[in-house]
Amino acid sequence: MALQNSTIQELRDLTFALIGREYANTSASYARLISLWNYAANKAHRATNYWERYLVIGDEREVVNKNQISRDEDGKDSIDTFLKIYKNNPKKARGGEYKFVVNAQGATLTGGEGRIFSELLDLYESQDGDSFYLQPDSSSSSSDPTVFVTYKKALDLKLGKQQGGNTVIPEEFMAYMAHYAAYTWQRSVEQNASDSNFQLSLALVNSVLEDELAKISDQNIANSYIVKSVRTNYNQTII
C-alpha cells in the first residue's frame, strides 16, 4: 500500500464538520482539540506494530556496553517497540536471532536461539558468572559491533497551535483522529445527550480505525517470514 498524506487543514475541516462548529486557531477550544488529536494519533500508533509507515526491518544498529542497544542513535529513527534483533540482515539471510529484554533506555541482549554455547550466536558468560550476554563479533573492526533490528518507529506527529494548514498528517490516522476528537468533544460539551447516541458514535469511531487495520491485514504482512516470527514472540519482557 503506497503511503499517502493528509494535512492538518483536512483534519480541521473534517473535525469541524463532525462537531458542527468551528473554532479559531487561537482559541482555548482549538487547543483542546489539538490535545484530542494528539491523543488519538497515539492511540492509532499503538493499535498495531505493523503500520507500513512505522515498521522498519533489519536496520543496522550499534551495540554499546557489550550488550546494549539504545532506542536513539545518531542519524537513525527513534525506536518505539523492539520486535526482533538479528545477528545477520534478515532481508538477506535467516537465523542468528538474539533474545532480549527492554526498558526505557533500549534493549539488552540476553541470549540466543539454539544451543547455549553456540559459536554462531557468540554467547559469553558475564564477569560475575550469574548470567550470559551476547557479544557480536568486533574482532575485525575498532568500531562498535552491530546487529540488525526490526522495530516500530516512534510516533513523529505532535500537533501544536502554530502549525500551518499544510502540516502533514498520516492519511491512515487522519479520519480516526477527527472522529475520536469529535466523539470526545461531544461527550464533554453535549453531556445531556443520550448514552445510546454516545455508544453509536463510539462504534463509528472504532470502525474507522478498524478499517485502516484491515488494510494492513489485506497486505498479508502477517504471513511474511519476518513478521510471522515476530507474532509468535509477544512475550517480550518489559522492565
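The questions and answers below walk through a predicted model of one protein chain.

Reader: How many helices and strands does the protein chain have?
Author: The model is predicted. Its chain holds 239 residues, and buried residues make up 43% of them. As for helices and strands, the count is 5 helices and 11 strands.

Reader: Among contacts between residues at least 6 apart in sequence, what share joins residues at least 24 apart?
Author: Take the contacts in the protein chain between residues at least 6 apart in sequence. Those joining residues at least 24 apart make up 68%.

Reader: What span should helix α1 have, and how far apart are its end C-alpha atoms?
Author: Helix α1 covers residues 8-19, which is 12 residues. At 1.5 Å a residue, the expected span is 16 Å. The end C-alpha atoms agree with that, lying apart by 16 Å.

Reader: Within what arc do the buried residues of α1 fall?
Author: The buried residues of α1 are Ile8, Leu11, Arg12, Thr15, Phe16 and Ile19. They line one face of the helix, because, seen down the axis, they fall within an arc of 125 degrees.

Reader: Which elements do the buried residues of α1 pack against?
Author: Two of the partners are helices, α2 (28-46) and α3 (171-189). The others are the strands β1 (5-7) and β10 (168-170). In full, the list is β1, α2, β10 and α3.

Reader: Which residue follows α1?
Author: The residue has a positive phi, near 75 degrees. It is glycine 20.

Reader: At what angle do α1 and α3 pack?
Author: The axes of α1 and α3 are 9 Å apart. Their crossing is right-handed. The packing angle is about 35 degrees.

Reader: How many nonpolar residues does the contact of α1 with α3 have?
Author: From α1, the contact uses Glu10, Leu11, Leu14, Thr15, Leu18 and Ile19. From α3 come residues including Met174, Ala178, His179 and Trp185. By class, 2 are polar and 1 is charged, while the nonpolar residues number 11.

Reader: Is serine 6 buried or exposed?
Author: Serine 6 is found in strand β1. Beyond its neighbours within four places in sequence, serine 6 is in contact with Thr167, Val168, Ile169, Pro170, Glu171 and Met174. Its relative accessibility is 5%, so serine 6 counts as buried.

Reader: How far apart are the C-alpha atoms of arginine 61 and proline 145?
Author: Arginine 61 sits in strand β2 (residues 55-62). At 0% relative accessibility, arginine 61 counts as buried. Proline 145 is 84 residues apart from arginine 61 along the chain, yet their C-alpha atoms are separated by 8.4 Å.

Reader: How far does α2 reach from its first C-alpha to its last?
Author: Helix α2 has 19 residues. Its buried residues include Tyr30, Leu33, Trp37 and His45. The expected reach at 1.5 Å a residue is 27 Å, and α2 comes close to that at 28 Å.

Reader: Which residues is leucine 36 in contact with, leaving aside its neighbours within four places in sequence?
Author: Leucine 36 lies in helix α2. Leucine 36 has a relative accessible area of 17%, so it is buried, the cut-off being under 20%. Its C-alpha is 8.7 Å from that of alanine 182, 146 residues apart along the chain. The contacts are Tyr180, Ala181, Thr184 and Trp185.

Reader: Is threonine 184 buried or partly exposed?
Author: Threonine 184 is in helix α3. Its C-alpha and that of leucine 33 are 9.4 Å apart in space, though the two residues are 151 residues apart in sequence. With a relative accessible area of 21%, threonine 184 is partly exposed.

Definitions and conventions. Residues numbered from 1 in each chain as written. Predicted model: local features only at pLDDT ≥ 70, side-chain atom pairs only at ≥ 80, totals over all residues. Heavy atoms only, no water. Helix = DSSP H or I, 4+ residues; strand = E, 2+ residues; numbered from the N terminus. Expected span 1.5 Å × (residues − 1). Buried < 20%, exposed > 50% of the residue type's maximum accessible area, 1.4 Å probe, protein only. Arc of directions from axis to C-beta. Contact = heavy atoms within 4.5 Å. Axes fitted to C-alpha atoms, helices over the stretch in contact; angles between N-to-C directions. Left-handed = near helix turned anticlockwise from the far one by under 90°. Nonpolar A, V, L, I, M, F, W, Y, C, P; charged D, E, K, R; others polar.
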